[in-house]
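Trainee: I keep reading labels such as "buried" or "oblique" and never know what earns them. Could we go through a case together?
Mentor: Sure, here is the one to look at.

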Amino acid sequence: MTGSRPRVPHNRAMSASAHDDAVDPGPEAFRALLHEQRVWDPRRTTLPALDPALIPGRPVPLLRRWFAEAADAGAAEPHAVSLATAGADGFPDVRIVVLHDADEDTGFSFATHAGSHKGRQLAERPYAALCFYWPVLGRQIRVRGAVAPAPHHAALADLHAHSPGALAAALTAHQSEALDSLATLRTAADAAWARAQREPDADAPDWTLYHLDPEEMEFFQGDQARRHVRVRYERVADGWRHELLWP
Ligand SMILES: Cc1cc2nc3c(=O)[nH]c(=O)nc-3n(C[C@H](O)[C@H](O)[C@H](O)COP(=O)(O)O)c2cc1C
């Protein structure tokens, strides 16, 4: 990355106040609380063994199997995935999105506003990484690859197959722009909800479905004795090769 780090926009209306101190536990209580936390508490987590001899040759079917197992084990929102991007400035960014599909032909699908921060970053540098974490089974999956927008009709078909709330959110444009007040958001969101109900096939011009074509994927199975099993897949000319990694 060259040059200085880009400034994160700051909304003056949200600057520090006495309220911040009232709700802050303070650094020491925070550190104590932090050190109390445990990863993979056996009351909530079971750690399945991952036998390298049984690792399949292709990663997407394995991801789908782990997803189904996470959902079955009661993982909260297993389809919420971290999406990392970086624009032309090279400054990494990450946020959660909902996974719309995982398919060996079309890759990993998610949807967002093309004009949002992530949409602009993807236009500048069309690569991204995903990270799933399902604590209930001590499992993490990482995915890296090139990203391309789907045709707009596919984005609309995908959007219209979801709830009116999804359409209303897509119609409430301006994602990632500075907002002057919650009243402004309320007015825009009310109008978007009314339109989504009146016009369930409404176009949301900025709403974009993206496909991430996986180049690399890594499966991490946590182990209580910290002998975590990591399997990294890499795409090669005739399919995929995989190898174990030191944890
Ligand atoms: C559980 C969860 C699911 C989300 N799903 C999406 C999504 O599918 N698409 C989306 O644009 N934003 C989604 N968001 C909001 C994003 O995390 C983010 O705040 C927003 O997209 C703006 O990101 P950006 O400024 O980096 O572009 C979700 C947030 C959460 C917590």
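What follows is a chat about the labels used for this predicted model.

Trainee: Start me off with the overview. What does the chain's secondary structure come to?
Mentor: The protein chain has seven helices and nine strands. Its C-alpha trace spans about 55 × 50 × 45 Å along the principal axes, and of its 247 residues, 32% count as buried.

Trainee: Let's take arginine 139 and glutamate 69. Why is this pair called a salt bridge?
Mentor: The label needs a side-chain nitrogen of Lys or Arg within 4 Å of a carboxyl oxygen of Asp or Glu. Here the N to O distance is 2.6 Å, so the pair meets that cut-off. The structure holds 18 salt bridges.

Trainee: What makes arginine 139 and glutamate 69 a link between separate parts of the chain?
Mentor: Arginine 139 sits in strand 6 (residues 139-149) and glutamate 69 in helix 3 (residues 59-72), so the bridge ties together parts 70 residues apart in sequence.

Trainee: And are those two buried or exposed?
Mentor: Buried means under 20% relative accessible area, exposed means over 50%, and partly exposed is in between. Arginine 139 has 4%, so it counts as buried. Glutamate 69 has 31%, so "partly exposed" is its label.

Trainee: How do you know that arginine 232 and glutamate 216 form a salt bridge?
Mentor: Same test: their closest N and O atoms are 3.6 Å apart, and the limit is 4 Å, so the label holds. The pair links distant parts of the chain, with arginine 232 in strand 8 (residues 229-236) and glutamate 216 in strand 7 (residues 207-221), 16 residues apart.

Trainee: Why is arginine 232 called buried while glutamate 216 isn't?
Mentor: Arginine 232 has a relative accessible area of 19%, and buried means under 20%, so it gets the label. Glutamate 216 is at 24%, so it falls in the partly exposed range.

Trainee: Strands 7 and 8 again, then: what about glutamate 218 and arginine 230?
Mentor: Glutamate 218 and arginine 230 form a salt bridge, their closest N and O atoms being 2.7 Å apart. Glutamate 218 is in strand 7 and arginine 230 in strand 8, twelve residues apart. Glutamate 218 has 6% relative accessibility and arginine 230 has 16%, so each of them counts as buried. As for a network, salt bridges that share partners join Arg144, Glu216, Arg232, Glu234, Arg241 and Glu243 into one.

Trainee: On to the helices. Why are helix 6 and helix 7 called oblique?
Mentor: Helix 6 (residues 164-171) and helix 7 pack at an angle of about 130°, with their axes 8 Å apart. Roughly perpendicular covers 65 to 115 degrees and roughly antiparallel starts over 145. The angle fits neither range, so the two helices are oblique to each other. Helix 6 passes helix 7 in a right-handed crossing.

Trainee: What makes Leu179, Leu182 and Leu185 a nonpolar patch?
Mentor: Nonpolar side chains are joined within 5 Å, provided the residues have over 30% relative accessible area and no salt bridge. Leu179, Leu182 and Leu185 form such a patch on the surface, with about 280 Å² of accessible area together. Leucine 182 belongs to helix 7 (residues 182-198), and at 66% relative accessibility it counts as exposed, because that label needs over 50%.

Trainee: Where is serine 181, and what label does it get?
Mentor: Serine 181 is in the loop between helix 6 and helix 7. At 29% relative accessibility, it counts as partly exposed. Its C-alpha atom is separated by 26 Å from that of glutamine 121, 60 residues apart along the chain.

Trainee: One more. Why would anyone flag tryptophan 40?
Mentor: Most residues other than glycine have a negative phi. Tryptophan 40 is not a glycine, yet its phi is positive, about 60°. It is in the loop between helix 2 (27-36) and helix 3, and with 12% relative accessible area it is buried, because the limit is 20%.

Trainee: How does serine 176 compare with that rule?
Mentor: Serine 176 also has a positive phi, about 80°, although it is not a glycine. Serine 176 lies in the loop between helix 6 and helix 7, and at 33% relative accessibility it counts as partly exposed.

Notes: Residues are numbered from 1 along each chain as its sequence is written. Side-chain values use heavy atoms; hydrogens and water are left out. Patches are made of residues with over 30% relative accessible area and no salt bridge: like charges are joined within 9 Å, nonpolar side chains (Val, Leu, Ile, Met, Phe, Trp, Tyr) within 5 Å. Accessible areas come from the Shrake-Rupley method with a 1.4 Å probe; for residues, only the protein chains shown count as cover. Helices (H or I, at least four residues) and strands (E, at least two) are DSSP runs, numbered from the N terminus. Buried means under 20% relative accessible area, exposed over 50%, partly exposed in between (1.4 Å probe, protein chains only). Axes are lines fitted to C-alpha atoms, for helices over the stretch in contact, and angles run from 0 to 180 degrees between N-to-C directions. Angles under 35 degrees count as roughly parallel, over 145 as roughly antiparallel, 65 to 115 as roughly perpendicular and the rest as oblique. A crossing is left-handed if the near helix is turned anticlockwise from the far one by less than a right angle, and right-handed if clockwise.
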